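Hi,

Here is the structure I promised to pass on. Have a look at it first, and then read my notes below.

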Amino acid sequence: MVNRTEAAVLTEHGSALTLRELPLPEEPEPGAALVRITCTTLCGTDVHLWSGRMTFPGMLPMVLGHEMVGEVVAVGPGTTDTLGREIAEGDRIGWSESTCGKCHGCAILREPVACEKRGYGFLQRSDVFPYATGGLVRYCYVTPGAAKLLLLDDVKDTWASMSGCAGKTVLRAVSRAGGIRPGATVVVQGAGALGVFATAVARISGAGDVITIGGPADRLKTAERFGATSTIPVDGTVEERIERVKELTDGRGAEHVFDFAGGPTIGEEAVAFAAQRGTVAIVGSTGPAPSPVALGTVMGKELTVVGSLNGDIADYHRSVDFFRTFADRLPWDELFSEPVGLSQASQRVESMSRLGELKAVIDPRLP
């Protein structure tokens, strides 16, 4: 069995990733799998972790990447996917973060995202067992607690990878908001991968109008190809954006507002965009900085405000199914850049930080 793997390791925020050899467990534990990565898609969180905008004490060194898919090369005893199907060598799997199954969040709330020991890429150092759990590796150790899913042949690697975070995050947010009423007007704050995918989901879900707010201009053009009926550049003032949404909605506002952007004025804008008895889903505001909200407007409009945190294996399953069901509906491949090897992972992260691409793709099998 393979006992070491090449990895692109983040040792200092804002610096180039370092190619290193990491050890692998001698044998997979019961319930675990060793996977040869075939595709990792980078997420905005990876960019924030790389730059230091998102950081935690003692988190470095670490391997970035939490959206990935691969081929199983070794399995521990009793390893199954989340539906109880045996996983064997040669199978192709995707997976969601690991959970303990025993804490208050797992056992009482029955919400994997509330797990007190929820394992995610940025919580696992590369110099501590099991070392290689991020996506920027040739071989990834999928821990026993990670919720795994066998993938069908008609699911592209890029779709399964993106479902590992961006896809499931959007679908969970729509669910948390109570769905999208057919014919409704939707405002999507943000034109990154999450915002563009949310635009597509809203349109396919039956929204009559989808207004996507963000930038730069090429991303707004992409949003239009994925279903936006109107776009608003983010480089204007708050007042200009609020006024433009009023114009586009005949003064009524939008029935659904989704924050996939974060930022100091997101809350203020979201409640201003919303129509009477509308819903506001907060998804992209991940940092500790406050975002003022006019509570009087929340009361006066009788708004429903919900938070939505990432997603779990159920949301992952739904995201994979969404891509399969609507495979021919939209040009999904436009979301993804040409794949590169681990040696170019640094350039791709830096490019995403400059908004140079929506979704960088790393195939560790490439040079």
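Which residues in α6 meet which residues in α7? Val-238, Arg-241, Ile-242 and Val-245 do so from the α6 side, and their partners in α7 are Glu-268, Glu-269, Ala-272 and Phe-273. Here, contact means heavy atoms within 4.5 Å. By class, that contact has 5 nonpolar, no polar and 3 charged residues (Ala, Val, Leu, Ile, Met, Phe, Trp, Tyr, Cys and Pro count as nonpolar, Asp, Glu, Lys and Arg as charged, and the others, Gly among them, as polar).

Before you go further: this is a predicted model, where local features need pLDDT of at least 70 and side-chain atom pairs count only at pLDDT 80 or more, while totals for chains, interfaces and linings use all residues. Residues are numbered from 1 along each chain as its sequence is written, and side-chain values use heavy atoms, with hydrogens and water left out.

Back to the helices. The axes of α6 (residues 238-248) and α7 (residues 266-273) come within 10 Å and cross at roughly 20°. (Axes are lines fitted to C-alpha atoms, for helices over the stretch in contact, and angles run from 0 to 180 degrees between N-to-C directions; helices, H or I with at least four residues, and strands, E with at least two, are DSSP runs numbered from the N terminus.) That makes α6 roughly parallel to α7 (angles under 35 degrees count as roughly parallel, over 145 as roughly antiparallel, 65 to 115 as roughly perpendicular and the rest as oblique).

Another helix pair is α1 (residues 44-51) with α10 (residues 345-353), whose axes are 9 Å apart at an angle of about 100°. That makes α1 roughly perpendicular to α10. Gly-44, Val-47 and Trp-50 of α1 make the contact with Val-349, Glu-350, Met-352 and Ser-353 of α10.

Now the sheet: 6 strands form an open one with parallel pairing, in the order β11-β10-β9-β12-β13-β14 (two strands pair if DSSP finds at least two bridges between them). β11 (230-233) and β14 (304-307) stand at the edges with a single partner strand each, so one side of each has no neighbour in the sheet.

Last, the aromatic rings. The rings of Trp-159 and Phe-323 have centres 5.6 Å apart and planes at 10°, so the pair is stacked (rings of Phe, Tyr and Trp, its six-membered ring, pair if their centres lie within 6.5 Å; planes under 30 degrees apart count as stacked, over 60 as edge-to-face and the rest as tilted).

Cheers
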